[in-house]
Amino acid sequence: MKKPSDIIPLFKQFIKETETGKRLKKNGEKIKPGSIDNYKYVLNNLIQFSTDTNFELRICEVNKLSKRELQSEKSYWKKFYQKFTEYLYKKGCHDNYVGANIKVIRVFFNYLKNDKDFFTGDFQRLFYVRKEEIDIFVLSPEQLKFLIHDKEFEGQLLKNELRVKDIFVFGCSTGLRYSDVFLLTNKNFEQQDGEWYLKLKSLKTKTFSYIKLSGYAVDIYQKCKPKSDKVPVFGKISLFNFNKTLKKVGEKAGFVAPVEVSREKQGKVNKLTKKTDVAQNRFCDKMSSHMMRRTAITTMLILGMPEHLVRKISGHSHSSSSFNRYVHYAQAYMDKEISKVHSKLESY
């Protein structure tokens, strides 16, 4: 049997060739920095796993293995999958995070096979990628109206909190991704016949959008508008600081109602109800950049905009499963509201 290769140096080479652009997407585009960061997280997890459990990480080329050696190699990778996923679950990780790690490892296997002509035997097909449906948290129309219009509340905010609140409201009204919001310049804003429009190409999906802006979104743009067309309208702020400040804004807005949160481990639902979890289970603690786009989509649906038009604005395809989750959420919200009406009519 040929001497096995150490996985860690190969994985580091995989990351380096991705960073330098030697390894590209199938369409020839460079792989995004966010994906490369995910590769690095997986590498760190593999190193920690090997160190903590004394599990040897190695890989063999299987094209010259005997039948017995091939079976042994298959057993090794089954054992790796079991031990590595167990290790992550014991550290408190949930299905989405564990699944994301396994997905990257499968990409690494394909890189060895396709880019390095290192025939691994396709054992990555044994690795099951778990996914979980995480609860959608969005602002209700009433909460969004409060953030838009309440001047007394605005007066309580610090300068950096007011800035984050304005950017968040802008995102909630346009449905843009966080990454797209912070790339906007004056050139993305266009006025026609007294109306303002936002025109842009999505960084993630490469689709073009032309969105009519509300009066309050225009006010936010005018407030933040830079003198130079080359400078981003909303400046720069790290994702960490944006989310941290947004949670403070939500707390000051009184969005502190407790929310029930559930996560999945190995397909089993766990509700986070411990006393230590309660402080992090307020609505404001769940506010993040993701909520902008989710709120925009659900608000449009809740207030009656046809699905096909919402899809056009959001850039979702007709078969998008993630968009269907917004539809179900919006329906649940409307059912809840109409039940309130029914209860009032039923009492005499």
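The lining of the second largest pocket divides into 12 nonpolar, 4 polar and 2 charged residues. Tyr is counted with the nonpolar group here, and Gly with the polar one. The model is predicted, and the pocket is computed from it. Its volume is about 370 Å³. Of the 18 lining residues, five lie closest to the centre: Ser173, Tyr216, Thr299, Met300 and Leu303.

Where does the lining come from? Helix 5 (141-149), helix 7 (159-174), strand 5 and helix 12 (290-302) each supply at least two residues. Helix 5 gives the most, with 5 residues. Look back at the central residues with these ranges in hand. Ser173 is one of those closest to the centre, and helix 7 spans 159-174. Thr299 and Met300 are also among the closest, and helix 12 covers 290-302.

Strand 5 leads from the pocket to a sheet. This strand supplies at least two lining residues. Strand 5 (208-212) is also an edge strand of an open sheet, and so it pairs on one side only. The sheet has 3 strands in the order 3-4-5, and the pairing is antiparallel. The other edge is strand 3 (189-192). Neighbouring strands are turned by 25° against each other on average, with direction ignored.

Now follow the sheet to its other edge. Strand 3 pairs with strand 4 (residues 195-201) in the antiparallel sense, over 4 bridges. Which residue of strand 4 is the bridge partner of Gln192? The partner is Glu195.

Methods:
Residues are numbered from 1 along each chain as its sequence is written. This is a predicted model: local features need pLDDT of at least 70, side-chain atom pairs count only at pLDDT 80 or more; totals for chains, interfaces and linings use all residues. Side-chain values use heavy atoms; hydrogens and water are left out. Two strands pair if DSSP finds at least two bridges between them. Axes are lines fitted to C-alpha atoms, for helices over the stretch in contact, and angles run from 0 to 180 degrees between N-to-C directions. On a 1 Å grid over the protein atoms alone, a cavity is a set of points where a 1.4 Å probe fits but cannot get out, and a pocket is an open set with protein on both sides within 12 Å along at least five of seven lines; lining residues have an atom within 4 Å of a point. Grid points are joined across faces, edges and corners, and a volume is the space filled by probe spheres set on the points.
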